[in-house]
Amino acid sequence: MNTGPAAKEGATGPVAVQADRGAADPGRILLDGLRGANPGLVLIFGAHGPDLATLDAVLRRGLPEGCVVAGCSSAGEIGPAGYASDSIVAIGFPASHFRASALVLPHLDALPVSDWMAALRRLQAGFGPDPQRSLFGLLLVDGLAGQEDALVATIDAALPSVPTLGGSAGDGLFFRQTWLLAGGKVVTNAAVFLLVETDLAVSEVTFAHFSPTATRVVVTAAIPEKRRILELNAEPAAAEYARLTGMAPDALTPTEFARHPLLLRVGRHHHVRAISAQTGDGGLSLMSSIDIGTVLTLGRAEDMTQGFAEALAALPRPPLMVLGFDCILRRLALEREGLRDQMSEILARYRVAGFNTYGEQHSGMHVNQTFVGLAFMPNADAATTHAA
C-alpha cells in the first residue's frame, strides 16, 4: 500500500492510496490506507467492470456511514509516486473538510437534457450558501459515449455559479468500454456528477503543452455525431493530415497523433481537438465534437514538464493535494520522449493524484491533451498561523 506525502505528514487534506489491480485483496489494502482520513468522500480510479462493484462493497463496509463512494475505469492512474498502470488509486477526502453528494446522469445516448437540469438543480438545493466554504462540481463521464460536449454545456447552464471540471473514463488503449461507479451501482452510457463543498482553499490548474502553428485546415466533410472527419481541405482527412505533418499515412499512431494535435480557437484560446485513430475509410476519429466548416490549426508541442511544473509552482500555497485529470495522449507523448519519470517526480512533488482520461472538462468545455486539476490548500489564515 502506498500513501501520499499528505498522509505521511499528518496534513488535513485528501489522502491518496494505491494498490495493484492484481493484488489478492486490493479493497482491503485501500481501506487500510483510507481509514485514518475518516473520509466523507472517496474517489476510485483504475478498477474496471465488476471490480468497481466489489471495491465499493468492501469500502462501504469499512468506511464511515454516509461516506460517498464514486469512481471510474481509467486509461492509467496517477498515484502517490506519479504515473502508474494496472493499479487502483483511491482518494479519501476528510469529512472534517469536505461534504459531497453524487448524482448519476443516465442515458447519454438519448441526451435527456431537461431531466438532467432538473436533477442538477435539486442536488444544488441541498447545499446552502456559505461564504466560508467553496462549492465545486466533479464530472466523471463515459469516455466512449461521445456526449461530453453536450453534457458539460448542460451542467454549465444548470449550475452557472458552480465551477466544474473532470475527466472521461478510460479503458487503457483499447477503447472498448468504460465503467463508472456511484450509489453502489456500476453503470455505462452515463455520467457521475459530484457536488462538493470544502472549507479548504481551492485553485484550478490547467495546462496544455501546445502552441498553434501557421498551418490551418478546413473540415470539408465530417460525421459530427460520430466525431469523425472525412475530409480536410477537400482531401481524404488522414492523407491530408499526414501530408501536413510530414508523415506517411501508415505511420499514423496514437503516439504520433499526440505529438501533432488539431487546435480549435475559441476567443483568444486554442483548445485541443485530439485524434484517437485513423478510420478504415481514410478519415480521422476525434475525441471531441467537430462540425463541417470548422477551421482548425495544426498544433506544435512545447516543453511538457517545465511549463507544467511552473503552473503548479504558481499556486498561492503548496497544495495538500491536487486532484488531477490528465489526458492519456499527454502521457503517451511524455513516454515517447522518455520523460515519464521526470513527470512522475513532478506529480509526486506536488501531491497530484487522479487518472489518465479520454478527455477533460473545465470552464464549460470538453477538451483533450490537457491536464485539468483542483489544488486543495490551507486557507491563508491557517497557513500563516502554521508558519508562525
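Leu262 of strand E18 stands opposite Leu298 in strand E22, and that pair is a handy way into this predicted model. E18 and E22 run antiparallel to each other, with 2 bridges between them. Leu262 also has a partner in E19, where Arg273 stands opposite. The pairing of E18 (residues 262–266) with E19 (residues 269–273) is antiparallel too, and it covers 5 bridges. These two strands make a hairpin with 2 residues between them. If you look into the turn, you'll find Gly267 with a positive phi of about 65°.

Now go back to E22 and step across to E15. Strand E15 (residues 210–223) and strand E22 (residues 295–301) are antiparallel and are joined by 6 bridges. Two of the facing pairs make good landmarks. Phe210 has Ala301 as its bridge partner in E22, while Val218 stands opposite Val295. E15 also pairs with strand E16 (residues 228–232), again antiparallel, through 4 bridges. There, Val219 is partnered by Leu232 of E16. E15 and E16 form a hairpin with 4 residues between the strands, and in this hairpin Arg227 takes a positive phi near 55°.

How do the UniProt records divide up the chain? An unreviewed entry lists residues 38–236 as "domain: FIST". This span is 19% helix and 45% strand, and its end C-alpha atoms are 56 Å apart. For "domain: FIST C-domain", also from an unreviewed entry, UniProt gives residues 237–364. Here the makeup is 33% helix and 31% strand, with the end C-alpha atoms 28 Å apart.

Next, take the open sheet of 6 strands whose order is E8-E13-E9-E10-E25-E26, with mixed pairing. Strand E8 (98–105) and strand E26 (365–367) are at the edges with a single partner strand each, so one side of each has no neighbour in the sheet. From one strand to the next the twist averages 20°. Within this sheet, strand E9 (residues 134–141) and strand E10 (residues 164–168) pair in the parallel sense over 5 bridges. To find your place there, look for Leu138, which stands opposite Leu165 in E10.

Two helices lie across these strands. H4 crosses E8 and strand E13 (191–198), and runs at about 165° to E8. H5 lies across E8, E9, E10, E13, strand E25 (360–362) and E26, at about 160° to E9.

What is the angle between H4 and H5 where they pack? Helix H4 (residues 113–125) and helix H5 (residues 148–158) meet at about 45°, and their axes are 9 Å apart. The two are therefore oblique to each other, and their crossing is right-handed. On the H4 side, the contact is made by Val113, Trp116, Met117, Leu120 and Arg121, and on the H5 side by Leu151, Thr154, Ile155, Ala157 and Ala158. Sorted by class, that's 8 nonpolar, 1 polar and 1 charged residues.

There's another open sheet of 6 strands to visit, this one in the order E6-E5-E24-E23-E27-E14, and its pairing is mixed as well. Strand E6 (82–84) and strand E14 (201–207) are its edge strands, each pairing on one side only. Neighbouring strands are turned against each other by 20° on average, direction ignored. Inside the sheet, strand E23 (residues 321–327) and strand E27 (residues 371–377) are antiparallel partners over 6 bridges. One of the pairs to look for is Asp326 with its bridge partner Phe371 in E27.

This sheet has helices packed on it too. Helix H8 (residues 306–313) touches E14, E23, strand E24 (352–357) and E27, and its direction makes about 165° with that of E14. Helix H10 (residues 340–349) touches strand E5 (77–79), E6 and E24. The direction of H10 makes about 120° with that of E6.

Key: Residues are numbered from 1 along each chain as its sequence is written. This is a predicted model: local features need pLDDT of at least 70, side-chain atom pairs count only at pLDDT 80 or more; totals for chains, interfaces and linings use all residues. Side-chain values use heavy atoms; hydrogens and water are left out. Axes are lines fitted to C-alpha atoms, for helices over the stretch in contact, and angles run from 0 to 180 degrees between N-to-C directions. Angles under 35 degrees count as roughly parallel, over 145 as roughly antiparallel, 65 to 115 as roughly perpendicular and the rest as oblique. A crossing is left-handed if the near helix is turned anticlockwise from the far one by less than a right angle, and right-handed if clockwise. Contact means heavy atoms within 4.5 Å. Ala, Val, Leu, Ile, Met, Phe, Trp, Tyr, Cys and Pro count as nonpolar, Asp, Glu, Lys and Arg as charged, and the others, Gly among them, as polar. UniProt positions are given in the numbering used here, feature names are shortened, and annotations may be inferred rather than shown by experiment. Two strands pair if DSSP finds at least two bridges between them.
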